[in-house]
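Me: Could you take a close look at one part of this model for me? I'd like the aromatic corner and whatever it leads to, told as one connected story.

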Amino acid sequence: MTDYKLIIETMKGIVANCNYPISVMANGAAILYNELSDLNWAGFYLMEDGKLILGPFQGKLACMEIQVGKGVCGTAVAERKVQRVANVHEFPGHIACDSASNSEIVIPIYKDGEVFGVLDIDSPEFNRFSEEDEKNLTEFVRVLETGI
Ligand code: SME
């Protein structure tokens with residue numbers, strides 16, 4: 001059982017003590033990757049020049065640019081909506097960075113009303129992310145937004 005209370009309280013401590021968004025996101029990726037079970041990737045893509053570029057993450061090498069509207073991440077930006085995908089192989093246009101990934105959740109991050117980037121988490125398990133995970137990870141992102 002994931003200790004989201006610990007994760008969210010830790011994130012509150014991180015943003016309270018650090019003014020550097022890259023450092024906040026790097027530690028954000030580290031805490032998620034280490035505290036959630038059955039993950040193969042956790043990290044951030046950031047909006048730059050109208051596209052998503054790779055940000056701080058934990059896991060294997062990943063693609064460095066994603067166009068808005070493409071893949072799970074680009075769809076989250078285009079629709080400004082969380083994408084909780086039980087089986088990535090059934091998601092049209094899914095971008096397979098790591099062939100181990102079978103399910104994924106992507107949560108948009110906002111700054112001043114604009115999409116700043118996304119939190120992207122991948123799992124080798126099918127249907128890894130529940131509604132409860134979505135609720136808690138969204139809260140995690142709301143805390144992170146106070147530090148970017
Ligand atoms: N699967 C993502 C690409 C990023 S990797 O999962 C790290 C997508 O379809 O947007």
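What is the relative accessible area of Phe-57, and what class does that put Phe-57 in?

Reply: Quick caveat up front: this is a predicted model, so read the numbers below as computed from predicted coordinates.

Phe-57 has a relative accessible area of 27%, which means it counts as partly exposed. The cut-offs matter here: under 20% would be buried and over 50% would be exposed.

Now the company that ring keeps. With ring centres required to lie within 6.5 Å, the model has 2 aromatic pairs. One of them is Trp-41 with Tyr-45, stacked, at 5.8 Å from centre to centre and with 20 degrees between the planes. The rings of Trp-41 and Phe-57 also pair up: their centres are 5.1 Å apart and the planes meet at 15 degrees, so this pair is stacked too. The reasoning needs one number, since planes under 30 degrees apart count as stacked. In sequence terms, Trp-41 belongs to strand β1 (residues 41-48) and Phe-57 to strand β2 (residues 51-59), so the pair ties together parts that are 16 residues apart. Put the ring pairs together and you get a cluster of Trp-41, Tyr-45 and Phe-57.

How does the rest of that cluster sit with respect to solvent? Trp-41 and Tyr-45 are both buried. For Trp-41 the relative accessibility is 4%, so the buried label follows. Phe-57, as you saw, is partly exposed at 27%.

From here the trail leads to the ligand. Trp-41 and Tyr-45 are among the residues around it, and so are Ile-66, Gly-71, Val-72, Cys-73, His-94, Ile-95, Cys-97, Glu-104, Asp-120 and Asp-122. By element, β1, α3 (71-79) and β6 (114-123) each give at least two residues to that shell. The largest share is that of α3, with 3 residues.

As for polar contacts, a polar backbone atom of Cys-73 is 2.8 Å from an oxygen atom of the ligand. His-94 brings an N or O atom of its side chain to 3.4 Å from a ligand nitrogen. Asp-120 uses a polar side-chain atom, 3.3 Å from an oxygen atom of the ligand. The ligand has 310 Å² of accessible area on its own, and the protein covers 99% of that. Its site is the largest cavity.

Since you'll probably follow α3 and β6 onward from the ligand shell, here is a word on the loops after them. Most residues other than glycine have a negative phi. Arg-80, in the loop between α3 and β4 (83-85), has a positive phi, near 50 degrees. At 44% relative accessibility, Arg-80 counts as partly exposed. Asn-127 sits in the loop between β6 and α4 (131-145), and its phi is likewise positive, near 55 degrees. With a relative accessibility of 54%, Asn-127 counts as exposed.

One last marker for scale: Thr-10, in helix α1 (residues 4-17), has its C-alpha atom 26 Å from that of Pro-124, and the two residues are 114 residues apart along the chain. Thr-10 is partly exposed, at 31% relative accessibility.

Note on methods:
Residues are numbered from 1 along each chain as its sequence is written. This is a predicted model: local features need pLDDT of at least 70, side-chain atom pairs count only at pLDDT 80 or more; totals for chains, interfaces and linings use all residues. Side-chain values use heavy atoms; hydrogens and water are left out. Helices (H or I, at least four residues) and strands (E, at least two) are DSSP runs, numbered from the N terminus. Buried means under 20% relative accessible area, exposed over 50%, partly exposed in between (1.4 Å probe, protein chains only). Rings of Phe, Tyr and Trp (its six-membered ring) pair if their centres lie within 6.5 Å; planes under 30 degrees apart count as stacked, over 60 as edge-to-face and the rest as tilted. A residue is near a molecule or strand if one of its heavy atoms lies within 4 Å of it. A polar contact is a pair of N or O atoms within 3.5 Å; within protein, one must be able to donate a hydrogen and the other to accept it, and residues adjacent in sequence count only if both atoms are side-chain atoms. Accessible areas come from the Shrake-Rupley method with a 1.4 Å probe; for residues, only the protein chains shown count as cover. On a 1 Å grid over the protein atoms alone, a cavity is a set of points where a 1.4 Å probe fits but cannot get out, and a pocket is an open set with protein on both sides within 12 Å along at least five of seven lines; lining residues have an atom within 4 Å of a point. A molecule sits in a cavity or pocket if more than half of its atoms lie within 2 Å of its grid points.
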